[in-house]
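Colleague: Before I set up any calculations, I would like to go through this structure with you, one question at a time. Please give me the reasoning with each reply, and finish on the value or name I asked for.

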Amino acid sequence: MHPFLAEAQARGFIHQCTDTEALSAALTAGPVSAYIGFDCTADSLHVGSLVSIMLLRLLQRHGHRPVVLMGGGTTRIGDPSGRDESRQMLTDEIIASNMAGIRRAFLPYLTFADTHPGAIMVNNADWLDPLGYIPLLRDIGTHFSVNRMLTMDSVKLRLEREQPLTFLEFNYMILQSYDFRELHRRLGVTLQMGGSDQWGNIVSGVDLVRRTDTAAVFGLTTPLITTSSGAKMGKSAKGAVWLNADRLSPYDYWQFWRNTEDADVPRFLRLFTEFPLPEIDRLAALQGAEINDAKKTLASAATALLHGQAAADQAAETARTTFEQGGTAETLPTHLISAEALAAGVPIYRLLVDSGLCTSLSEARRLIKAGGARLNDVPVKDDAQILTSANLEDGAAKLSSGKKNHRLIRLS
C-alpha cells in the first residue's frame, strides 16, 4: 500500500475507497492531485472540517498535490447531504464574504504554490456560472439515473423523514460530479476526498468521469467524527468551534482540545496532530491523572498547527496560571464594557451571553441557578446580581462559567 494510504489508514482517516489497490498504484506511479470541496455557508470553517484539512495536509506531506475547491457556485444551491431541511439561500455578496474568511483557515495547514506539490485553490463558480442549463442537462443529465439518485443517502434519508427536498437541491449531485470532471480536465485531478456523507456524490463523480472521459479516477471518504458521548465534532457547549481567530480565540481553541473526553484522546492525537504513531501510543497508555498531560499535549499541538507555537504556549500558560495557581491571567479572553454601562449596572446573566460564556439568556439564568456562574471566583447567587465598579480589581473582573471557561471583563 502506498505510504499516504498506509498512514491515512493507521491514523483513522479512511472510511471508504472506490478502489484502494488501483489508487495505491496510481499514487506510486507519480504525483496525484486530489481535491476536497468546501461550500461557503459561513465566514469560517470549524473543527468539523479539520479532518478534511488534515487529510489534505497529509497528502501534501507525502508529495502529492492538494486542491481546495471553494463552492462559490454550489453554495447557491446547498448540499442536502446529512440535512433534514433546506439550507438558507445566501446572496452572492454573502457567499463572496464567506469565501474570503474560509480561505484564511487553510493557510496554516497547506503550502500553496504553482507547481507540485504546492496546494492550489479554485472556485467552482468559474465553470458553473457560465453554464446554460439545457446544454448542461443534455451533456451531463443523460448519465444520471433518477432511480439510482433516489437510493443515495443524501436523498433517501430526507425522503424517509418526509422532509421536503427541492428540485434545486436534487441537482447538487449532478453539479458536484461535474466539478470532478472539470477538475480532472483542467488540472488532472484524479482523486476526490470528503466526509462519509459525500460518498454518493463522490461515487457519482467517479462514474461520470469514467463514462464521459473513459478515465480512471477515485473516491475516498473519511469517517464521521463524533465524540465518545455521541456529540458531533465541531460543536461545544458554547457553539461552533471556529478555526478563524476572530471567531474563536486561540485560548478558547486550546481549551476545546484540553476538554477532550478521556476515551477520545488517542483518536484525536492521530487525526489532529502529527506526532509519530509510537509517541501517540505512549500518550494513549497514560492512565488516571496523567491523561490530563496527554490532553494538554493534544491541545498545544492542535493549537500550534492552526495559530502558531507562540499562541499555543501562551494559551497553555494562561490555563496553568488560571487553573493551577488560582490566579487571573492577563491573557484570558477579554470582554469590554463601557463606563456608561458599568455605571448603570450590567446584569450578570446578560454579561454571560455578551462575553460568549453562554449562548442565550435562558442558558445564563440556568447556569446561575445551578451555581455554575462565578464572579471573581465567588458564586453568583441570583440572576438579579449586577456588575458594578466595586467588582473590578485593578480594572478587571473575572467572570466564569464552570471551572474551565473564563473571561476578563474590562472597561473599554
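Colleague: Does L150 count as buried, partly exposed or exposed?

Modeller: Please keep in mind that this is a predicted model. L150 sits in the loop between helix 7 (146–149) and helix 8 (153–160). Buried would require under 20% relative accessible area and exposed over 50%. The relative accessibility of L150 is 38%, so the class that applies is partly exposed.

Colleague: Which residues make the nonpolar surface patch of about 240 Å²?

Modeller: L150, the loop residue between helix 7 and helix 8, is one of the contributors to this patch. The nonpolar surface patch covers about 240 Å², and its members are V146, L150 and L159.

Colleague: How many aromatic pairs does a search of the whole structure find, and what is the geometry of the pair F38 and F106?

Modeller: The search of the whole structure returns 7 aromatic pairs. For F38 and F106, the ring centres lie 5.0 Å apart and the planes meet at 75°. Planes over 60 degrees apart count as edge-to-face, and therefore the geometry of F38 and F106 is edge-to-face.

Colleague: How many residues apart are F38 and F106, and which elements hold them?

Modeller: Both F38 and F106 are buried. The pair links distant parts of the chain, with F38 in strand 2 (residues 33–39) and F106 in helix 4 (residues 92–106), at a separation of 68 residues.

Colleague: Which parts of the chain does the pair of W257 and F268 tie together?

Modeller: W257 and F268 form an edge-to-face pair, with 6.0 Å from centre to centre and 90° between the planes. Both residues are buried, and ring pairs also place them in a cluster with Y253, F256 and F272. Since the two partners are 11 residues apart in sequence, the pair ties together helix 12 (residues 250–258), which holds W257, and helix 13 (residues 265–272), which holds F268.

Colleague: Which residue lies over the face of W242, and which over the face of Y349?

Modeller: For the ring of Y349, the residue over the face is R365, at 4.1 Å from the ring centre. For W242, the distance to the ring centre is 4.0 Å, and the residue is R247.

Colleague: Which strands stand at the edges of the open sheet with the order 1-6-5-2-3-4?

Modeller: This open sheet has 6 strands and mixed pairing. Each edge strand has a single partner strand, so one side of each is left without a neighbour in the sheet, and the two in question are strand 1 (16–17) and strand 4 (120–123).

Colleague: How many bridges pair strand 2 with strand 3, and what is the bridge partner of G37 in strand 3?

Modeller: Strand 2 is largely enclosed by the rest of the structure, because 6 of its 7 residues are buried. Strand 2 also runs parallel to strand 5 (residues 189–195), joined by 3 bridges, and there Y35 has Q192 as its bridge partner. With strand 3 the pairing is parallel as well, over 7 bridges, and the bridge partner of G37 is L69.

Colleague: How many of the residues of strand 3 are buried, and which lie on each side?

Modeller: In a regular strand the side chains alternate between the two faces of the sheet. Strand 3 (residues 65–71) has 7 of its 7 residues buried. Both faces are covered, with R65, V67, L69 and G71 on one side, and P66, V68 and M70 on the other.

Colleague: Turning to the open sheet with the order 9-15-14-11-12, which strands stand at its edges?

Modeller: This sheet is made of 5 strands with mixed pairing. Within it, strand 14 (residues 396–401) and strand 15 (residues 405–411) run antiparallel and are joined by 6 bridges, with A397 standing opposite I409. The edge strands each have a single partner, so one side of each lacks a neighbour in the sheet, and they are strand 9 (334–337) and strand 12 (378–379).

Colleague: How far apart in space are G194 and G345, C-alpha to C-alpha?

Modeller: G194 is found in strand 5 and is buried, with a relative accessible area of 5%. Along the sequence G194 and G345 are 151 residues apart, and their C-alpha separation in space is 50 Å.

Key:
Residues numbered from 1 in each chain as written. Predicted model: local features only at pLDDT ≥ 70, side-chain atom pairs only at ≥ 80, totals over all residues. Heavy atoms only, no water. Phe/Tyr/Trp six-rings, centres within 6.5 Å; stacked < 30°, edge-to-face > 60°. Helix = DSSP H or I, 4+ residues; strand = E, 2+ residues; numbered from the N terminus. Buried < 20%, exposed > 50% of the residue type's maximum accessible area, 1.4 Å probe, protein only. Lys NZ or Arg CZ within 6 Å of the ring centre and 35° of its normal. Patch = residues over 30% accessible without salt bridge, like charges linked within 9 Å, V, L, I, M, F, W, Y side chains within 5 Å. Areas by Shrake-Rupley, 256 points an atom, 1.4 Å probe, with all protein chains shown as cover. Salt bridge = Lys/Arg side-chain N within 4 Å of Asp/Glu carboxyl O. Pairing = 2+ DSSP bridges.
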